[in-house]
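Got your viewer open? Load the model below and keep your selection tool handy.

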Amino acid sequence: KVNDGTFNQFAHEGATMAAEEFDLDYTYIETQAQTDYEKNIQTCIDEGYDAIVTVGFLMTDTTNAMSAANPDTYFIGVDQFVAGATANYVGLQFREDQAGFLAGALAAQMSASGTIAGVYGIDIPPVEKFRNGYEQGAKFINPDINALGVYIDSFTSPDKGAAAAAQFIGEGADVIFGAGGKTGSGGIVKGAEEGKFVIGVDQDEYVTTFGGGSSPGANMIISSAMKRVDQAVW
């Protein structure tokens, strides 16, 4: 969804800004299932769009194939990389490990229990980089830190994220990092509701997930590991 408060919304905002600044005709499709990737891209091609932004690592293979089949259309893949890609296809990558490292260093400094946790989405490279950075940043501050974490097989399951956060809190975690779209957001909302410090991802989740301070627990979000997808797409 383009209102998910994190990754997809930032991509949409970047495209919207570019459309306004450069007087472009812009539209978007919210994909409901991985089986719709090719169909949705083909819809954009059939409607005559010159450039197509596909958002997410899971769309890499389909985007690569469609770019080869449609050499007159530009393809921009967020979180994608293909060695030897066609001339009309470029991937946008980010240093999630660096943002995650800073989040982990902050978490370790804020933790009183010596146990922190991360609620992650699907274990794809960008998410793995967030987790690796987070855990290494925490260990940089406190080599004895107990860093808990779990990958969840969805980016759109806040209930599963909340359940994971609750489990980690039960194991002593007093700082929760959520890096997995709506799933991660569910984790930090639960953590904040339980009075634990939380750290968001991609966008400033104090503004999005916690409504700029209007949602319960907003006082417990101490930072977000921002990933400027909006700037990259723009």
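What follows is a short tour, one selection at a time.

This is a predicted model: local features need pLDDT of at least 70, side-chain atom pairs count only at pLDDT 80 or more, and totals for chains, interfaces and linings use all residues. Residues are numbered from 1 along each chain as its sequence is written, and side-chain values use heavy atoms, with hydrogens and water left out.

**Stop 1: the sheet.** Select S5, S4, S6, S7 and S8; helices (H or I, at least four residues) and strands (E, at least two) are DSSP runs, numbered from the N terminus. In that order they form an open sheet of 5 strands with parallel pairing, where pairing takes at least two DSSP bridges between two strands. S5 and S8 (221–226) stand at the edges with a single partner strand each, so one side of each is left without a neighbour in the sheet. From one strand to the next, the twist averages 20°; axes are lines fitted to C-alpha atoms, for helices over the stretch in contact, and angles run from 0 to 180 degrees between N-to-C directions.

**Stop 2: around S4.** Now pick S4 and S5 (residues 146–151), which pair in the parallel sense over 6 bridges. Ile116 has Ala147 in S5 as its bridge partner. Follow the chain from S4 through H5 to S5: this β-α-β crossover is right-handed, that is, clockwise from the first strand over the helix to the second when the strands point away from the viewer. On to S6, joined to S4 by 4 bridges; here Ala117 stands opposite Ile176. Add H6 (residues 158–170), which packs on the sheet and touches S4, S5 and S6. Contact means heavy atoms within 4.5 Å.

**Stop 3: the core.** Which residues touch the most other members of the 19-residue largest nonpolar core? Select Ile116, Phe130, Tyr134, Phe177 and Ala225. Such a core is a set of buried Ala, Val, Leu, Ile, Met, Phe, Trp, Tyr and Cys residues joined through side-chain atoms within 4.5 Å. Buried means under 20% relative accessible area, exposed over 50% and partly exposed in between (1.4 Å probe, protein chains only). Centre on Tyr134 and you will find contacts including Phe101, Ile116 and Phe177.

**Stop 4: H3.** Finally, select residues 60–69, where Thr60, Thr62, Thr63, Met66 and Ser67 are buried. Down the axis of H3, the buried residues fall within an arc of 165°, so they line one face of the helix; the arc is that of directions from the helix axis to the C-beta atoms. Exposed Asp61, Ala68 and Ala69 sit on the face turned away.

How values were computed
Lists of a residue's contacts leave out its neighbours within four places in sequence.
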